[in-house]
Amino acid sequence: MTGINTSQLRHDHNVHLVDVEPRPAIFRSWERVRYRRAHWFVECLAEMFAVFCYCYAGLGATAAFIVGNILRINGVGSLLTIGVGYGLGIVVALVVSTATSGGHLSPAVTLVHVLFNGFPLGKAARYITAQILGGFLASLFVYWQWNTLIKEAEAALKAGGLYNAQNFTSLGPAGIFALYANPAAPLGLVFLNEFVSDFFIGMVIAACLDPTNFFTPPVAVPWIIGMSYGAMIWGFASNGWAANTARDVGGRLAAIAIWGTRASGGRYAAIAALTNIPATVAAYAFYEFVFKDSSRVLTVAVKEYHHGRTAHLEHREHNLDDNGSGSDSEKSIGAERLGK
């Protein structure tokens with residue numbers, strides 16, 4: 001880093017970005033507007049982009065696997081690469097978005113915050129809409145980028161008389177975007193597979209959110225969640241596993257937009273879209289009852305995280321006061337974010 005004010009480092013514990021890296025006037029002006037009038041929009045944009053990142057990486061790996069199998073192209077994809085794609089996508093999504101929106105990535109996680117942490121219901125509705133839009137846009141981009149090979153795969157299926165039987169399954173082109181259960185599996189078993197796998201991921205997320213858990217420092221959280229997600233794909237995706245309403249509904253809407261209502265998924269669609277919500281809520285409640293302890297101390301990393309977050313919000317409030325441009329309602333919003 002260049003241009004650091006060393007006296008600032010010696011005498012002020014909190015060193016803000018503006019102290020070491022002055023930004024152009026246009027960005028400073030935008031930050032003032034963003035905080036006063038558009039912060040909700042930026043948070044939703046962050047959630048949308050986070051889900052886009054996670055789905056984009058996973059869907060790309062899925063496209064390689066499905067198209068490669070249909071066209072008999074060796075070495076372009078496998079269940080392993082799909083798990084790695086989604087896992088790394090989650091890592092990138094959390095790294096990019098968490099500082100801005102909290103990195104929910106999932107309607108189920110957002111609803112957990114509503115039920116247990118007082119997250120505003122109206123804000124939750126905006127987050128969930130943004131998350132589904134992120135999954136939808138990621139699906140469209142992957143379709144456009146893979147369009148030529150997808151068309152070749154469809155032509156190959158039609159030439160072999162397999163299009164109607166395979167296209168709207170987990171091994172067909174539509175299965176890149178919309179999730180389909182194994183047609184031979186009873187829906188009860190599919191539901192159980194979905195619920196248990198989602199509960200597992202919910203427990204991992206709850207453990208990562210526990211501020212007294214010394215084994216989950218904030219810097220490790222994206223990797224823990226991403227690797228856990230990959231593990232569930234490797235072990236249970238073959239039986240039908242959706243995991244995330246935003247990914248499922250967004251991808252299914254994209255598939256319907258491309259192939260029509262035949263891509264809807266039938267009765268399995270409801271299991272795929274909704275099961276993760278009660279499973280995640282149940283996992284969080286279970287963690288609260290069994291593993292949480294109010295007498296435990298916060299980890300050093302978590303204290304540093306909250307100290308940095310508070311200093312950030314106080315700095316923004318101070319700037320509003322200095323500019324004399326913050327209305328009472330704007331300042332009350334900032335105070336709410338500071339927990340006052």
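What share of the 340 residues in the chain is buried? Buried residues make up 45% of them. Keep in mind that what you are looking at is a predicted model, so every value here is computed from that prediction.

Let's start with the overall layout. The chain has 15 helices and zero strands. Along its principal axes, the C-alpha trace spans about 75 × 50 × 35 Å. The radius of gyration comes out at 22 Å, and because a compact globule with 340 residues would sit near 20 Å, the chain agrees with that expectation. As for how the chain meets itself, take the contacts between residues at least 6 apart in sequence: 75% of these join residues at least 24 apart.

Now for the inside. In soluble globular proteins, nonpolar side chains tend to be buried together. Here, the largest nonpolar core holds 48 residues, and the members that touch the most others are Tyr54, Phe177, Ile225, Tyr229 and Trp259. Quite a list of elements gives two or more residues to this core: helix H3 (25-70), helix H4 (79-101), helix H6 (121-145), helix H7 (147-159), helix H9 (187-209), helix H10 (221-236) and helix H11 (245-259). H3 gives the most, with 13 residues.

Tyr54 is a handy place to zoom in. Leaving aside its neighbours within four places in sequence, Tyr54 is in contact with Tyr86, Gly89, Ile90, Ala93, Leu105, Tyr229, Asn244 and Arg247. Apart from this core lies another one, of eight residues, including Val281, Ala283, Tyr284 and Tyr287.

One of the partners of Tyr54 is Leu105, and the backbone there deserves a look. Most residues other than glycine have a negative phi. Leu105 is not a glycine, yet its phi is positive, at about 65°. Leu105 sits in the loop between H4 and helix H5 (107-117), and because its relative accessible area is 7%, under the 20% cut-off, it counts as buried. Ala243 tells a similar story: its phi is positive too, at about 75°, although it is not a glycine. You'll find Ala243 in the loop between H10 and H11, and with a relative accessible area of 13% it is buried as well.

Another loop residue to click on is Asn167, in the stretch between helix H8 (163-166) and H9. Is Asn167 buried or exposed? It counts as buried, because its relative accessibility is 0%. Not counting residues up to four places away in sequence, Asn167 touches Glu154, Leu162, Gly172, Pro173, Ala174, Gly175 and Trp259. The last of those, Trp259, also appears among the core members that touch the most others.

For contrast, go back to H3 and find Phe49, which lies in that helix. Phe49 counts as partly exposed because its relative accessibility is 40%. If you want a distance to check, Phe49 and Leu313 are 264 residues apart in sequence and 23 Å apart in space, C-alpha to C-alpha.

What about empty space? The second largest pocket has a volume of about 440 Å³. It is lined by 23 residues, and the closest to its centre are Leu79, Ser170, Leu179, Ala237 and Ser238. H3, H4 and H10 are the elements that give two or more residues to this lining. By class, the lining of this pocket has 16 nonpolar, six polar and one charged residues.

Closed-off space is a separate matter. How many cavities of 30 Å³ or more are there? The count comes to one, and about 50 Å³ of space lies in that largest cavity. Its lining consists of Val109, Val112, His113, Gly202, Ile205, Ala206, Leu209, Thr280 and Tyr284. H5, H9 and helix H13 (276-290) each supply at least two of these residues, with H9 giving the largest share, four residues. By class, this lining has six nonpolar, three polar and no charged residues. Tyr284 links two parts of the tour, since it lines the cavity and is also among the residues of the eight-residue core.

Notes:
Residues are numbered from 1 along each chain as its sequence is written. This is a predicted model: local features need pLDDT of at least 70, side-chain atom pairs count only at pLDDT 80 or more; totals for chains, interfaces and linings use all residues. Side-chain values use heavy atoms; hydrogens and water are left out. A nonpolar core is a set of buried Ala, Val, Leu, Ile, Met, Phe, Trp, Tyr and Cys residues joined through side-chain atoms within 4.5 Å. Buried means under 20% relative accessible area, exposed over 50%, partly exposed in between (1.4 Å probe, protein chains only). Contact means heavy atoms within 4.5 Å. On a 1 Å grid over the protein atoms alone, a cavity is a set of points where a 1.4 Å probe fits but cannot get out, and a pocket is an open set with protein on both sides within 12 Å along at least five of seven lines; lining residues have an atom within 4 Å of a point. Grid points are joined across faces, edges and corners, and a volume is the space filled by probe spheres set on the points. Ala, Val, Leu, Ile, Met, Phe, Trp, Tyr, Cys and Pro count as nonpolar, Asp, Glu, Lys and Arg as charged, and the others, Gly among them, as polar. The radius of gyration is taken over C-alpha atoms; the globule rule is 2.2 Å times the number of residues to the power 0.38.
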